[in-house]
Amino acid sequence: MTTFFRLSRATRSLRCWSSFISTTHTYFHYAPPANPNVSTHISRNLFEFSKSFNTRNGFYNYKNSVRLIDAYHQLVNYTCYSTVASDQKGEKPKKSSGNEGDRSWIDVYLAEKARPYARLARLDKPIGTWLLAWPCMWSITMATTSGSLPDIKMMMLFGTGALILRGAGCTINDLLDRDIDTKVDRTRLRPIASGLLSPIQGICFLGFQLLLGLGILLQLNNFSIVLGASSLLLVFTYPLMKRLTFWPQAYLGLTFNWGALLGWAAIRGSLDPAVVIPLYASGVFWTLVYDTIYAHQDKEDDLRVGVKSTALRFGDSTKEWIAGFGMTCIGSLALSGFNANLEWSYYTFLAAASAQLAWQISTIDLSSRADCNRK
């Protein structure tokens, strides 16, 4: 009986040593995670795992069985991906097919089939919607009767319209630029360029977006409906400008700031050229500032592909050009406010905007893609 008991203990011990050796082999032959906290956690679990064998008789310690099992599972979970095969072959690790570091609310909350359409409309990058909406809000506010608050319903309509039509503009851009986007690092993973969506699917989605935009437009007066519909010519032709001229950013300014005209028309039913033309011009010059900065992150790719931009046109003189555009923008806003008989508080906010714009231009590092994207 004693002999049987000893044989049983020896068998259990050999099984545990076999598991330990197998797990240790896994640990040392698989690449550690990049996160140092995870690496520390693995090392601690390996220590706990091996400590359970550190008994006086060299046999398995039953008191540590739960800890042993937990440590074993932790080791397996954290070392389930290997780079040994690729290292032995001299191959570089493959890049992910998606931007794993750029996960957004789209990846968390939307169904998988809806994600490419949301990315096509740039719903995960709201800055474009804000840039389209701000001129509308300026115009609506300036058109409001003195002493009254802006029409909240109208601002909500224009905000929703900016979200929809900015998305439609992005869809048009990606449909027309799909061959160029595949050659540019920043754009090659866009849904149409990467093949996640076909051009036909993109066209169908564009039809849906334009239908939603029409529903917003029909809430306005007749003059505004005609004025708003006329902006579609600019929207559809903008993506072609980079092939024809070094000034596509100016054309984008004409497109993106159409709301400066439309917002005033929606409130007043007509246009006051003395107010809306300087306001529209200020938006165009503002767009020349921020989109020229933005274009600098793609200038090497643009040269290689053969498309044009103000970043290439201005070159080393970019800061002088955009400083001039910034001053013209502020001057136009001041003229528009003066013609609209706005009070002193308007000029206080305008001074703050001037300071922010001066900071942006003076601190931008045009040789840094990250800084150009951030500012």
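**Exercise 1. Find arginine 122 and work out what sets its backbone and side chain apart.**

Start with the location: arginine 122 sits in the loop between α6 (115-120) and α7 (127-143). Keep in mind that this is a predicted model.

Next, check the backbone. Arginine 122 has a positive phi of about 55°, even though it is not a glycine. For context, most residues other than glycine have a negative phi.

Now ask: is arginine 122 buried or exposed? The cut-off for buried is under 20% relative accessible area. Arginine 122 has 9%, so it is buried.

Finally, look for a partner. The side chain of arginine 122 meets that of aspartate 174 in a salt bridge, 2.8 Å from N to O. This pair ties together distant parts of the chain: aspartate 174 is in helix α8 (residues 152-176), 52 residues apart from arginine 122. Both of these residues are buried.

**Exercise 2. Compare that loop residue with asparagine 341.**

First, place it: asparagine 341 is in the loop between α19 (318-339) and α20 (344-363). Then take its phi, which is positive at about 60°, and again the residue is not a glycine. Last, check the surface: asparagine 341 has 65% relative accessibility and counts as exposed, whereas arginine 122 is buried.

**Exercise 3. Track down some more salt bridges.**

How many salt bridges does the structure hold? There are 12. As a reminder, side chains of opposite charge can pair when their charged atoms come close.

Step one: go to arginine 119, which pairs with aspartate 124, with 3.0 Å between the closest N and O atoms. Arginine 119 is partly exposed, at 26% relative accessibility.

Step two: go to helix α17 (residues 299-305), which holds both arginine 304 and aspartate 301. They form a salt bridge whose closest N and O atoms are 2.6 Å apart. Along the chain they are 3 residues apart, about one turn of the helix. That spacing fits a general rule: an α-helix has 3.6 residues a turn, so residues three or four places apart point the same way. Aspartate 301 is buried, at 5% relative accessibility.

Step three: look for shared partners. Salt bridges of this kind join Arg122, Asp174, Asp181 and Arg190 into one network.

**Exercise 4. Decide which side of helix α12 faces inward.**

List the buried residues of α12 (residues 222-230): they are Ser224, Leu227 and Gly228. Viewed down the axis of α12, these buried residues fall within an arc of 100°, so they line one face of the helix. Over on the other side, Asn222 and Val226 are exposed.

What covers the buried residues of α12? The cover includes α11 (199-217), α13 (232-244) and α15 (259-268).

**Exercise 5. Zoom out to the whole chain, then pick a spot on its surface.**

Count the elements: the chain has 21 helices and 0 strands. Of its 375 residues, 41% are buried.

Then consider confidence. The average pLDDT is 80, and 73% of the residues score at least 70. Over residues 19-101, though, the pLDDT is below 50, and this stretch has 64 contacts in the model beyond near neighbours in sequence.

To finish, turn to the surface, which comes to about 21,600 Å², with 62% belonging to carbon and sulfur atoms. Trp105, Val108 and Tyr109 make a nonpolar patch of about 370 Å² there. Valine 108 lies in helix α5 (residues 105-109) and counts as exposed, at 53% relative accessibility.

Terms used
Residues numbered from 1 in each chain as written. Heavy atoms only, no water. Buried < 20%, exposed > 50% of the residue type's maximum accessible area, 1.4 Å probe, protein only. Helix = DSSP H or I, 4+ residues; strand = E, 2+ residues; numbered from the N terminus. Arc of directions from axis to C-beta. Contact = heavy atoms within 4.5 Å. Areas by Shrake-Rupley, 256 points an atom, 1.4 Å probe, with all protein chains shown as cover. pLDDT = per-residue confidence, 0-100. Patch = residues over 30% accessible without salt bridge, like charges linked within 9 Å, V, L, I, M, F, W, Y side chains within 5 Å. Salt bridge = Lys/Arg side-chain N within 4 Å of Asp/Glu carboxyl O.
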